[in-house]
Amino acid sequence: RRLFGENKMKAGDLVTLSAYANRLDSLYKWSERARQRSMHAAPMVGLIVRASPSRWRKEEMLYEVRWMEADGPKGRDGHYGSIHFNRKDLKFVSRS
């Protein structure tokens with residue numbers, strides 16, 4: 001269980017798309033709304049495989065995620081462009 005203020009993600013953490021990411025056009029195919037329409041009840045779950053500082057903003061971390069489903073997005077641009085996610089694109093998977 002995470003305590004308040006303890007929101008840093010690291011390699012090995014289980015994550016899913018955040019509410020912010022669910023509203024991004026580039027990630028619509030994997031959003032909760034699209035998954036419910038295609039009969040996928042559970043949200044996507046992935047494992048952070050790498051966390052690295054951004055080249056442009058040293059205080060910002062970029063996360064590479066390996067999704068449990070074969071067709072998961074490569075990054076915040078879906079299958080195109082970036083292979084990383086920002087912190088606001090991801091949230092921890094709850095244990096309940």
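## Cavity lining

Nine names make up the wall of the largest cavity in this predicted model: Thr 16, Leu 17, Asn 22, Trp 30, Ser 31, Glu 32, Arg 35, Pro 43 and Met 44. Two elements each contribute at least two residues to this lining: strand 1 (14-17) and helix 2 (32-37). By residue class, the lining of the largest cavity splits into four nonpolar, three polar and two charged.

The space inside the largest cavity comes to about 40 Å³. The structure has one cavity of 30 Å³ or more.

## Confidence

Mean pLDDT for the protein is 84. A score of at least 70 is reached by 91% of the residues.

The two elements that supply the cavity lining also mark the ends of the confidence range among the elements of the protein. Strand 1 has the highest mean pLDDT, 94. Helix 2 has the lowest, 83.

Residues 1-5 stay under 50 in pLDDT. For this stretch, the model has five contacts beyond four places in sequence. Where pLDDT is low, predicted coordinates should not be read in detail.

## Asn 86

Asn 86 sits in strand 4, which covers residues 85-86. Is Asn 86 buried or exposed? Asn 86 counts as buried because its relative accessibility is 14%, and the cut-off for buried is under 20%.

Leaving aside residues up to four places away in sequence, Asn 86 touches Glu 60, Met 61, Leu 62, Tyr 63 and Arg 76.

Key
Residues numbered from 1 in each chain as written. Predicted model: local features only at pLDDT ≥ 70, side-chain atom pairs only at ≥ 80, totals over all residues. Heavy atoms only, no water. Helix = DSSP H or I, 4+ residues; strand = E, 2+ residues; numbered from the N terminus. Buried < 20%, exposed > 50% of the residue type's maximum accessible area, 1.4 Å probe, protein only. Contact = heavy atoms within 4.5 Å. 1 Å grid on protein atoms, 1.4 Å probe; cavity = no way out; pocket = protein on both sides within 12 Å on 5 of 7 lines; lining within 4 Å. Points joined across faces, edges and corners; volume = space filled by probe spheres on them. Nonpolar A, V, L, I, M, F, W, Y, C, P; charged D, E, K, R; others polar. pLDDT = per-residue confidence, 0-100.
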